[in-house]
Amino acid sequence: MTTHREQYDRLRNLPPDERAGWIRSTYPAGTGIQWWFSVLGSAETEVSARLVRGEPADADPFAFAVSIVELGTTMGEVDPPHAAYWLVRFAAMALRFDTPPPGLPDEVTPDGSARAAIAAIPLTEEEALKAAERRSREFREGIDGPADEETRALQDLERVVSSLDRVRGHVTDPGLTARIDRWLEVYERLAPT
C-alpha cells in the first residue's frame, strides 16, 4: 500500500491523459470524495509552501489543481458545488502572491472561479429561502435526521456562496460582482433562526 504522498507524487507526475486510468486501476471501486479532497489539499500545500518560502508564483500547481477538479467532476466523484468551492479556494490562494503567476488558468482567477461558483449553485434564491425556513423550523421543533436532498443542496449552496467572499473584491466584471453580492445577501438570510 502506498502512502498518500506517494500517490500524490505519482499522480502529479503522470501526463494528464493517463491520470484517469491510473486512478481507475488503483481504485477499481472508486475513490470517494475524501480522496479527491486530500489530493487537492496536497496541491494547496504545494502552493502554500511557495508562499511561505517567499518564492514567486508558479502557474503549474494551479493548472494541476484545475485538472484534478475537472477530472474528479468528469469521473463523477466530485460534484459541481465542491468543484467550484475548490476553484474559488485556489483563486484566493493565487491572490496571496504579490504578482499573479503568468499563465494562471482562467478557472482559478477571481472572475473565472466566481463564474464557476455561481453556475454551481444548486438552488434558486426562492428554493434556498424555502429550504432554510424548513431547516429552521425543524431545528426549532427538535426534528433531527439525515439530511435529505433539499438540505444537502442548501448546504452545497452555503459552501459555494460563502467561499465567494474570498474573491469578490477582485472580480472585474461588474455584472458578476452584482450576482455575487446578491447571493451573499441571500446567504445572510439562510442562517437558522
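# Notebook: a predicted all-helix model

I started at Tyr27, which sits in the loop between helix H2 (16–26) and helix H3 (33–52). The model I am reading is predicted. I listed the contacts of Tyr27 beyond four places in sequence and found Gln7 and Trp35. I then checked Tyr27 against Phe62. The two are 35 residues apart in sequence, and their C-alpha atoms lie 24 Å apart.

**Overall layout**

Next I stepped back to the whole protein. I counted nine helices and zero strands. Read from the N terminus, the order is α-α-α-α-α-α-α-α-α. The C-alpha atoms fill a box of roughly 50 × 40 × 25 Å along the principal axes. The protein has 193 residues, and 47% of them count as buried.

I looked at how the contacts are spread along the sequence. Among contacts with a separation of 6 or more, 73% join residues 24 or more positions apart.

I also noted the surface. The accessible area comes to about 10200 Å², and carbon and sulfur atoms hold 52% of that. For charge, I have 22 positive and 33 negative side chains. The centres of these two sets lie 2 Å apart.

**Ile68**

I moved on to helix H4, which spans residues 59–74 and holds Ile68. Is Ile68 buried or exposed? Its relative accessible area is 1%, so I log Ile68 as buried, the cut-off being under 20%. Which residues does Ile68 touch, not counting those up to four places away in sequence? I found Leu11, Arg19, Trp36, Val39 and Leu40. I measured nothing at the bench here; I just read off one more distance, from Ile68 to Pro16. Their C-alpha atoms are 9.0 Å apart in space, with the two positions 52 residues apart in sequence numbering.

**Aromatic rings**

I turned to the rings. The count comes to eight aromatic pairs. One of them is Tyr85 with Trp86, an edge-to-face pair. Their ring centres lie 6.0 Å apart, with 85° between the planes. Both Tyr85 and Trp86 are buried.

I then asked which residues form one aromatic cluster. The members are Phe37, Phe62, Tyr85, Trp86, Phe90 and Phe97. Phe62 is the residue I had set against Tyr27 earlier.

Trp86 has a charged partner as well. Arg89 lies over the face of the Trp86 ring, 4.5 Å from the ring centre.

**Val171 and Thr177**

My last stop was the loop between helix H8 (149–163) and helix H9 (174–188), where I found Val171. Why do I count Val171 as buried? Its relative accessible area is 11%, and the cut-off is under 20%. I listed the contacts of Val171 beyond four places in sequence: Pro110, Asp111, Ala114, Leu176, Thr177 and Ile180. I also checked Val171 against Trp86. They are 85 residues apart in sequence and 17 Å apart in space, C-alpha to C-alpha.

From Val171 I followed the contact to Thr177, which lies in helix H9. Thr177 has a relative accessibility of 13%, so I log Thr177 as buried too. Setting aside residues up to four places away, Thr177 touches Arg168 and Val171. The Val171 contact thus appears in my list for Thr177, and Thr177 appears in my list for Val171.

Key. Residues are numbered from 1 along each chain as its sequence is written. This is a predicted model: local features need pLDDT of at least 70, side-chain atom pairs count only at pLDDT 80 or more; totals for chains, interfaces and linings use all residues. Side-chain values use heavy atoms; hydrogens and water are left out. Helices (H or I, at least four residues) and strands (E, at least two) are DSSP runs, numbered from the N terminus. Buried means under 20% relative accessible area, exposed over 50%, partly exposed in between (1.4 Å probe, protein chains only). Contact means heavy atoms within 4.5 Å. Rings of Phe, Tyr and Trp (its six-membered ring) pair if their centres lie within 6.5 Å; planes under 30 degrees apart count as stacked, over 60 as edge-to-face and the rest as tilted. A charge sits over a ring if NZ of Lys or CZ of Arg is within 6 Å of the ring centre and within 35 degrees of the ring normal. Accessible areas come from the Shrake-Rupley method with a 1.4 Å probe; for residues, only the protein chains shown count as cover. Lys and Arg count as positive and Asp and Glu as negative; His and the chain ends are not counted. The place of a charge is taken as NZ of Lys, CZ of Arg, CG of Asp or CD of Glu.
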